[in-house]
2 protein chains.
Amino acid sequence: MATSVTNLEIHDIARTCMTFGIGLCYIVTPLAKQREIAAKLVDHWLHGYGAVYNPARGEALKKVRVVSDLDEMVSDIEGDPLVIGTSSKERQEKGISSTELYSLAESGARPVLILFGTGWGLSDEVVNRCERMLVPIKGKGDYNHLSLRVAIGIILDRIFGERGGRDE
Amino acid sequence: MATSVTNLEIHDIARTCMTFGIGLCYIVTPLAKQREIAAKLVDHWLHGYGAVYNPARGEALKKVRVVSDLDEMVSDIEGDPLVIGTSSKERQEKGISSTELYSLAESGARPVLILFGTGWGLSDEVVNRCERMLVPIKGKGDYNHLSLRVAIGIILDRIFGERGGRDE
């Protein structure tokens, strides 16, 4: 399932990643046209008029890379990454809490790659490739339709936020 | 300082509020044109073609109200609301943690109103009217430029999320 990439979305996600000290943010899409749009947007803020208009945005976008699939992303990373999936459904057999994931990331033993899916979420094929699945976000009641960018913010805060269940 | 309201933004915020069981979500803007745009968007998803195309979106937007200022919002709420501000700057003299705010909200003694500012954040005038100010979100380092919709998601999760520092 491929969905579209928008200017607002890339910005929001890049700024969230910067705030929580994430090293790199990959946009993965099999659609060549979407990769082209994403690369143009990043270039505009890094080198085009956007760099003059608002240099702080370019700073966040320096960490964005655009790739066509999971394999390309994994081979771009040095070392053997621990691949973690996210989903609104619980997968108890390989569940991992944000606290446990934080400890693994801080240990530095392996780079950590956290996958987020747009539209209908990560495909079953991708979920099968994930070593562990993060425990889902739950609010009150059954309505759980967070947008991708909001879900990314909440999850990174749960793992890496200064509060993060550790400081309070 | 007034900023603009977009379709994407209202949706994301409404969906986040639904997920965390928030009763009502007010959009406050002094600009009549912006209020008109916001009201049209809500109407489209509640009664127009959007209601047929995607009824789940309408469900979230039922909780959205559009008002012109803080007084209009406060007078719309039954009872004497506890007005809480949010900011990326710490105001220690009236700071409140998410855990303390959760307890106050759950006690049901007073309705709780949490204010978020777009663009340059809440004005000093609004901050002065807030009884308490929520402790800011902090990630790693000094870069803190979260978008409004992402900040709302993180803050509501910190206060009302099932994990929320209480369940883990």
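Buried means under 20% relative accessible area and exposed means over 50%, with partly exposed in between. The model shown in these views is predicted.

**View 1. A salt bridge in chain A links Arg110(A) and Glu131(A).** A search of the whole structure finds 18 salt bridges over all chains. In the pair shown here, the closest N and O atoms of Arg110(A) and Glu131(A) are 2.9 Å apart. Arg110(A) is in the loop between H6 and strand E5 (112-115) of chain A, and Glu131(A) is in the loop between helix H7 (124-129) and strand E6 (132-134) of chain A, so the salt bridge ties together parts that are 21 residues apart in sequence. Glu131(A) has a relative accessibility of 40% and therefore counts as partly exposed. Arg110(A), at 29% relative accessibility, also counts as partly exposed.

**View 2. Chain A and chain B form an interface that buries about 3,400 Å².** Carbon and sulfur atoms give 52% of this buried area. Contact involves 36 residues of chain A and 36 residues of chain B. The interface holds four salt bridges and eight residue pairs in polar contact, with both residues at pLDDT 80 or more. On the side of chain A that touches chain B, the elements that give two or more residues are helix H1 (7-19), helix H4 (55-61), helix H6 (98-107) and helix H8 (148-160) of chain A. The residues of this side of chain A comprise ten nonpolar, 14 polar and twelve charged.

**View 3. Arg158(B) and Asp157(A) form a salt bridge between the chains.** Their closest N and O atoms are 2.4 Å apart. Arg158(B) lies in helix H8 (residues 148-160) of chain B and Asp157(A) lies in helix H8 of chain A, so this pair joins two chains. Both partners fall under the 20% cut-off for buried residues: Arg158(B) has a relative accessibility of 7%, and Asp157(A) has a relative accessible area of 2%.

**View 4. Asp157(B) makes a side-chain polar contact with Arg158(A).** The distance of this contact is 2.5 Å. Asp157(B) is placed in helix H8 of chain B. With a relative accessible area of 2%, Asp157(B) is buried.

**View 5. Glu36(B) and Lys33(B) form a salt bridge within helix H2 of chain B.** The closest N and O atoms of the two residues are 3.5 Å apart. Both residues lie in helix H2 (residues 32-46) of chain B, where they are three residues apart, about one turn of the helix. Glu36(B) counts as partly exposed at 40% relative accessibility, whereas Lys33(B), with a relative accessible area of 54%, is exposed. Elsewhere, salt bridges that share partners join Asp12(A), Arg15(A) and Arg149(B) into one network. Within that network, the side chains of Arg149(B) and Asp12(A) meet at an N to O distance of 2.7 Å.

**View 6. Cys130(A) and Cys130(B) are buried and without a disulfide partner.** A disulfide requires two cysteine sulfur atoms within 2.5 Å, and by this rule the count over all chains is zero. The sulfur of Cys130(A) is too far from any other for a bond, because the closest cysteine sulfur, in Cys25(A), is 16 Å away. Cys130(B) is likewise in no disulfide, with the nearest cysteine sulfur, that of Cys25(B), 16 Å away. The relative accessible area of Cys130(A) is 3%, which makes this residue buried. Cys130(B) also counts as buried, at 3% relative accessibility.

**View 7. Gly117(A) lies in the loop between E5 and H7 of chain A.** Beyond its neighbours within four places in sequence, Gly117(A) is in contact with Leu122(A) and Leu148(A). The C-alpha atoms of Gly117(A) and Ser147(A) are 10 Å apart in space, and the two residues are 30 residues apart in sequence. Gly117(A) has a relative accessible area of 26% and is partly exposed.

How values were computed: Residues are numbered from 1 along each chain as its sequence is written. Chains are lettered from A and ligands numbered from 1 in the order in which they are written. This is a predicted model: local features need pLDDT of at least 70, side-chain atom pairs count only at pLDDT 80 or more; totals for chains, interfaces and linings use all residues. Side-chain values use heavy atoms; hydrogens and water are left out. Buried means under 20% relative accessible area, exposed over 50%, partly exposed in between (1.4 Å probe, protein chains only). Contact means heavy atoms within 4.5 Å. Buried area is the accessible area (1.4 Å probe) that two parts lose on being put together, summed over both. A polar contact is a pair of N or O atoms within 3.5 Å; within protein, one must be able to donate a hydrogen and the other to accept it, and residues adjacent in sequence count only if both atoms are side-chain atoms. Helices (H or I, at least four residues) and strands (E, at least two) are DSSP runs, numbered from the N terminus. Ala, Val, Leu, Ile, Met, Phe, Trp, Tyr, Cys and Pro count as nonpolar, Asp, Glu, Lys and Arg as charged, and the others, Gly among them, as polar.
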